[in-house]
Amino acid sequence: MPREIDEAWIEEAVRRYRRIESLQAEFDQAVATVEVTVRSPDGLVEVLVTAEGRITDVRFLGPLHTRNPRDVAASVRAAVTAAADAAQWAREKLHNETFAAYRPLAGA
C-alpha cells in the first residue's frame, strides 16, 4: 500500500538541511579565526591558539637569560598543554553558540 508523501515535511527537511549547512560554514569559519590566549602557571610563556588548535603565537613575558633551560622548557610545555585545553573549550563553546537554536527534525 503506497504511503502518502508529505510535501510540507519534505520542504521543512530541505530548509533545515540548508540551515545546518549554513551554520556549519559559520562554525568552521569561527573555529579557524577565534583565538584564545593562555599563560604558563609561572607567567613566563603566553600562547595564542585558535579554536581549531593552531598555535598562532608564542611570547616570552620575562627574561630568559636568568632562567634554567629546563624551567623554560617546562613553562613552554605547560602553556602548550593549556592551549590545547583552551582550544577544545573554545570549540565546544562555539559549537553550543552556533547550534543552540537548532532542533532536530524528528518529533517536530
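**Exercise 1. Work out the order of the strands in the open sheet and the sense of their pairing.**

Step 1. The open sheet has three strands, ordered β1-β2-β3. Strands here are DSSP runs (E, at least two residues), numbered from the N terminus. The model is predicted: local features need pLDDT of at least 70, side-chain atom pairs count only at pLDDT 80 or more, and totals for chains, interfaces and linings use all residues.

Step 2. The pairing is antiparallel. Two strands pair if DSSP finds at least two bridges between them.

Step 3. β1 (35–39) and β3 (55–60) are the edge strands, each pairing on one side only. Residues are numbered from 1 along each chain as its sequence is written, and side-chain values use heavy atoms, without hydrogens and water.

Step 4. On average, neighbouring strands are turned by 15 degrees against each other, direction ignored. Axes are lines fitted to C-alpha atoms, for helices over the stretch in contact; angles run from 0 to 180 degrees between N-to-C directions.

**Exercise 2. Trace the pairing of β2 with β3, then place α2.**

Step 1. Strand β2 (residues 45–50) pairs with β3 over five bridges, in the antiparallel sense.

Step 2. Take Val49: its bridge partner in β3 is Ile55.

Step 3. α2 packs on the sheet and touches β1, β2 and β3. Contact means heavy atoms within 4.5 Å. The direction of α2 makes about 30 degrees with that of β2. Helices are DSSP runs (H or I, at least four residues).

**Exercise 3. State whether Phe27 and Phe99 are buried or exposed.**

Solution. Both Phe27 and Phe99 are buried, that is, under 20% relative accessible area (exposed is over 50%, partly exposed in between; 1.4 Å probe, protein chains only).
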